[in-house]
Amino acid sequence: MSSEAARHLRALELPVVDAARELVGCTISHGPCSGVIAETEAYHDSEPACHAFVGLTARTATLFEAPGIAYVYRSYGIHFLLNVVVEAEGVGAAVLIRALAPLEGIGLMQERRGRERLTDLCSGPGKLTQALGIGLDLNASSLLSGPIRLGPPPPEASEPCAVVVATRIGITRAVELPWRFCVAGSRHVSKPWPPGLLR
DNA sequence: CATGGGATTGACT
DNA sequence: GTCAATCCCATGC
């Protein structure tokens, strides 16, 4: 593998906020379905919005594992949310994947979601796991060896995409941290859109 | 051991 | 704009 193609892997070693920015534009795949990451958020055990803030528990154990592991958990009793564990083993840090631009397996994603429009398939953290067929059974699985794969940006993306930075959404604590990263101009980003996303 | 709340979504007023 | 669905786990009694 060339050093260019390994950039998304080196991101896993970075501080989580840098990793979250670097992972925007990379790809996530599961089976025949894949998409380009359009939105991420960073979470770190040093701040109270992160599940790992409470320390090592049965729930948070995955967050403290080695970089490149998937942390999948159930949200609001209904949805599954996918995170990429980053930083050194023993540190509770992860990048929440909040949105994808659908790439492959779109028919299956439409079927799983019960929606037709591309912007309704993966424009939210619970939507994209439903579209890709990701459940709790994949918690603690490796994103480097599958079944879920983290890959480099698609070849047609020659330039690194412009990224809009904003505060995280859907949380009640540490709301002031600007740890949300969105592809500028992308309508696949989850709502509410950050200021200046389009334009 | 009982309970409250959450990194959400979709339907409805 | 509001609100319910639904379940695991962390917390507190």
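Strands here are DSSP runs of E of at least two residues, and helices are runs of H or I of at least four, numbered from the N terminus. I use these labels throughout. The model is predicted.

**Entry: cis peptide bonds**

I began with Pro192, which is found in the segment after strand S8. I checked omega for the peptide bond from Lys191 to Pro192 and found a value near 5 degrees, so the bond is cis. I then looked at Gly146 and Pro147, which are also joined by a cis peptide bond, with omega about 5 degrees. Pro147 has its place in the loop between helix H4 and strand S6, the latter covering 148–151. I noted both bonds because most peptide bonds are trans.

**Entry: positive phi**

Which residues other than glycine have a positive phi? I recorded Tyr76, with phi near 55 degrees, and Arg199, with phi of about 115 degrees. They earned a note because most residues other than glycine have a negative phi.

Tyr76 is found in the loop between S3 and S4. Its relative accessible area is 75%, so I entered Tyr76 as exposed, the cut-off being over 50%. Arg199 is found in the segment after S8. At 90% relative accessibility, Arg199 counts as exposed too.

**Entry: strands S3, S4 and S5**

From Tyr76 I moved to the strands on either side. S3 and S4 form a hairpin with three residues between them, and Tyr76 is in the turn. I took S3 as residues 70–75; six bridges join it to S4, and the two strands run antiparallel. For one facing pair I wrote down Val72, which stands opposite Leu82 in S4.

S4 also pairs with strand S5, residues 93–104. How many bridges join S4 to S5, and in which direction do they run? I found three bridges, and the strands run antiparallel. Here the facing pair I noted is Asn83 and Leu96, the latter in S5. S4 therefore has bridges to S3 and to S5, with pairing taken as at least two bridges found by DSSP.

I then asked how well S4 is covered. S4 spans residues 79–85 and is mostly covered, with five of its seven residues buried.

**Entry: salt bridges**

The count comes to six salt bridges. I followed three of them in detail.

The side chains of Glu22 and Arg7 meet in a salt bridge with 2.8 Å from N to O. This pair links distant parts of the chain, Glu22 being in helix H2 (residues 16–23) and Arg7 in helix H1 (residues 7–10), 15 residues apart. Glu22 is partly exposed, at a relative accessible area of 25%. Arg7 is partly exposed as well, at 42%.

Next I took Glu39 and Arg98, which form a salt bridge with their closest N and O atoms 3.0 Å apart. Glu39 is in strand S2 (residues 33–44) and Arg98 in strand S5, and the pair links distant parts of the chain, 59 residues apart. Are these two residues buried or exposed? Glu39 is at 0% relative accessibility, so it counts as buried, the cut-off being under 20%. Arg98 has a relative accessible area of 9% and is buried.

Glu39 forms a further salt bridge with Arg180, where the closest N and O atoms are 2.7 Å apart. Arg180 lies in strand S8 (residues 180–183) and Glu39 in S2, so this pair ties together parts that are 141 residues apart in sequence. I entered Arg180 as buried, because its relative accessible area is 1%.

I then put the contacts together. Glu39, Glu41, Arg98 and Arg180 are linked in a network of salt bridges.

**Entry: a positive surface patch**

Last, I looked at charge on the surface. Which residues form the positive surface patch? I listed Arg115, Lys127, Arg187 and Lys191. Lys191 had come up already, since the cis bond to Pro192 starts from it.

I placed Arg115 in the loop between helix H3 (106–113) and helix H4 (125–132). Patch residues need over 30% relative accessible area and no salt bridge. Arg115 is partly exposed at 44%, so it passes the area cut-off of over 30%.

Conventions:
Residues are numbered from 1 along each chain as its sequence is written. Chains are lettered from A and ligands numbered from 1 in the order in which they are written. This is a predicted model: local features need pLDDT of at least 70, side-chain atom pairs count only at pLDDT 80 or more; totals for chains, interfaces and linings use all residues. Side-chain values use heavy atoms; hydrogens and water are left out. Patches are made of residues with over 30% relative accessible area and no salt bridge: like charges are joined within 9 Å, nonpolar side chains (Val, Leu, Ile, Met, Phe, Trp, Tyr) within 5 Å. Accessible areas come from the Shrake-Rupley method with a 1.4 Å probe; for residues, only the protein chains shown count as cover. A salt bridge is a side-chain nitrogen of Lys or Arg within 4 Å of a carboxyl oxygen of Asp or Glu. Lys and Arg count as positive and Asp and Glu as negative; His and the chain ends are not counted. The place of a charge is taken as NZ of Lys, CZ of Arg, CG of Asp or CD of Glu. Buried means under 20% relative accessible area, exposed over 50%, partly exposed in between (1.4 Å probe, protein chains only).
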